[in-house]
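Here are some short exercises to work through with the model open beside you. Try each task before you read its solution.

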Amino acid sequence: MNNKNEIKFLKKGRSYYAILLSCFVVFVIAIYMLISGFNSLITKHDEKLSQEICTLLSEKMGTSLLFMTDSAHNVATVLSEQNFNFPDEIYKKLESYNSGEIVGLGFIDETGKIYHSEADAKDFEKKNLAEVAKQANPVSISEPYRSSRLGQPVITLFTEFNYAGSHKGYICLTYMFRTLQDIATTQSLNNDIEIWLMNAKSANIIQCVGRDIHASGSWANAYLKMGNINPEDKDKFNNWYDKMHDGDSNASVSYKIGETKYSQVYSKIDSMPGWFVVVRIPSNALSETMGVFRNNVIIFIIIFLMIVAVIISVMYVSWKREKRILEQLSINDALTGVLNRRAFEISIENMIFQSKGGVVIFFDLDFFKQINDGYGHDAGDKLLVTFSTLLRDSFENNGIVSRFGGDEFVVLTDESSKDKVNEIMERLRKEVNEITIDSENADTKDANISFSAGLAVYPKDAKDVSELLKCADQALYEIKEAGRNGYRWYEG
Amino acid sequence: MRKLLHLFGICIMLLLLSSCSNSVKNDTNTLDKPVPDFVPLTDVVEGRKDIYLITKELDSNYWDIVEEGAKEAGEEIGCNIYHSGTYSEMQWKKQEELLDRCVELGADAILISPDDSVKLASKIEEIYEKGIPIILIDTAANTDSFNVCYMTDNLEAGNKAAEEMLFQLKAKGISEDEDIKVAVLIGNSKSQTINERLAGFYQYWTDNAPEKWTILSEIKESNGDVELGGQYVEEILNNNPDIKGLFATNNSPTISVSQKILDRNDTDITVVGFDYSDNINSLIESDDYQASTIIQRQFYMSYNGVKAAVDIINGASVNVKFEDTGVITVNSDNYKDPDVRAIIEGRK
């Protein structure tokens, strides 16, 4: 049996730590759900937004190409007012024309003769660009090719031009392919956006914008470049490509490569038959930005909850300490520290019915009033403390000790052996008899101390606590009548 | 109990925080094989111009011919030619080191065949800005910071490969109404050369092939591994009985394709590859097989490159920055032709 001078054992409460753990588990689940919900929201939002960004960029590319073709058309319009009669004159005029972005100017006459630098003319013949020129309505654009003169990928725009009355020729304006890169480059998301020109028939692609600025003008084939699309998304991609192949103006698709989800959009280039602008963005490009915000929110919540947990813990410890003090005050006798009467009555109810048997002992210090009167209240109090200490030493291992009031103490012991109890009582009697109170007053003699005690056995003498106490009180009465300084068992 | 709870709490917290951060992936380079220092290909005579040649693959017949071209030009003109290179196209970082080494050694001009057209562009720009003439051979770099580039127009070469495949399939008597497929095996998808050949092949094929003759959409990448390439060919042929042609974009997959066709004795399949090897030679020379290969004129890439380098050092201006050295198609009809033999053997 533990220390019975505390009432805690009587009624076990739910552990604070168990509650804290439960709260923590709930918190973890809540955070998990928050993250999942947030991620799902971001993913949906990103898919929609990346498709819109793709569409905007492809429109931007389309508009820029249109602007280039308009520029080419304007050059032709300006020149047409000068009434040239011979292609040589036109070419000479073009040679004097200087534009920052145009890296080559030439002319193709009605017969198909090319007026250009030797290297460019050779390229035109090799790539059969005169045929592309014939498609001008009013402007056409060549496929990207590597210029011999410049060593770099270029595109050439052709625009119709009438000379010498009704002769139809074509003005040729060559741009570096990377001009398209400059058009398409954006400040934000620049490392994630990829833009290609794609040929619907061959699925060949040529990069305008990618992670590496040096990759502009690189050729590839979509079957290879997008060949590692996850199997479950391949049909979606094929449908998207079929739409391009069928000549639809634009279409979008989302697919995954490994764990990365991409949004991809194409739009038709009117002046470049068979070619389309394709824009691709990994959806997580946006998620990563939102992810930083999400992480900050989560970290804030965690720190906030940690602070709350610390505050609650500090408050709990403080409250627990105060509660303990109050409990002690409410269950213990202030002078002796043993249980008070009320606490004893609660304890005995619980304890006695849980045990197989026990003995209730009613103690009364003999002539205590005289000691108080004769030796002072301090001496009386000291005696009560000494007596209660002896009681605790004798019974605390197998019982509870209480002060009922004044000099009355009640002990409940679960020691079932009468002989054993007698042995304890005898030893206690001797120890108490050895207590002396020294008189400070010369008129008063030193006092010898003794006690009287009545014992009742549960369940033999009574099965009810109050009855049992009455039995012990009856036995006490009898020993007092018999001359005190001893103890007596209740005998009915 | 309290300690356990604290520990549990810390674990959960770490778990939550780690879930918010991105995992860091390690990019380990397994191709750190050291490359040799420059060795002279010509006699080294003091006072002559020092021209450095950096090639892609040491110990390769193709690149031996490139060395020969540089050596012959060096001897003709009278300049010192030094050579080094990498063992694989994946070793582009080693080429960066070699470029720095050229500067350190006081190169008057550098001829380089970039392992990676994109990744080496910055380093090439850096060297070019130091005023050292840069001549690209075999492969372009994605920059205009070079003086001149001698290489095959790979888009055109891809066109020629597709043209040859169509010619051979038609010569075999396959009907235009028959549903057939050709499959493609490539070396390294990061190589611009390979991508351009592939694009050229698709370009010509989609413009000229009968509607029912299509290209298998699954393009296999052997990454320079001949054995792996062979396994892919085996898979392709086993899974697609309608395959009638195999196209390989460069030397290594061409060896894989040729070897597998020989092993399977698959005389029904037409092979079109690139470059010359014993395996493709065996197919071309045999009457049982139908095979062709596109041969580049790599001798002239370095030969012309050295000559251009000396001209540039001497102050000549360059009017053409990209010169297509051209290709020839070798097949059973012309492999015995002395001119063709000369190109194959690097004598022209």
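The exercises below go from a helix pair to a chain contact and then to a single residue.

This is a predicted model, in which local features need pLDDT of at least 70, side-chain atom pairs count only at pLDDT 80 or more, and totals for chains, interfaces and linings use all residues. Residues are numbered from 1 along each chain as its sequence is written, while chains are lettered from A and ligands numbered from 1 in the order in which they are written.

**Exercise 1.** Describe how helix 5 of chain B and helix 6 of chain B pack.

Step 1. Find the helices, which are DSSP runs of H or I with at least four residues, numbered from the N terminus (strands are runs of E with at least two). Helix 5 of chain B covers residues 154-171, and helix 6 of chain B covers residues 192-208.

Step 2. Take the angle and the distance. The axes lie 6 Å apart at an angle of about 45 degrees; axes are lines fitted to C-alpha atoms, for helices over the stretch in contact, and angles run from 0 to 180 degrees between N-to-C directions.

Step 3. Classify the angle. Under 35 degrees counts as roughly parallel, over 145 as roughly antiparallel, 65 to 115 as roughly perpendicular and the rest as oblique. The two helices are therefore oblique to each other.

**Exercise 2.** Work out how covered helix 6 of chain B is.

Step 1. Apply the cut-offs: a residue is buried if 20 or more other C-beta atoms, placed from the backbone, lie within 10 Å of its own, exposed if 12 or fewer, and partly exposed in between.

Step 2. Count. In helix 6 of chain B, 14 of the 17 residues are buried, so the helix is mostly covered.

**Exercise 3.** Which elements of chain B give two or more residues to the side that touches chain A?

Step 1. Start from the contact (C-beta atoms, placed from the backbone, within 7 Å). The contact takes 35 residues from chain B and 34 residues from chain A.

Step 2. Name the elements: helix 1 (2-20), helix 6 and strand 13 (322-324) of chain B.

**Exercise 4.** Is Thr329(B) buried, exposed or partly exposed?

Step 1. Locate Thr329(B) in strand 14 (residues 327-331) of chain B.

Step 2. Count its neighbours: Thr329(B) has 19 other C-beta atoms within 10 Å, and is partly exposed.

Step 3. List its contacts. Leaving out residues up to four places away in sequence, Thr329(B) touches Lys160(B), Glu164(B), Ser292(B) and Ile294(B).

Key. Contact = placed C-beta atoms within 7 Å.
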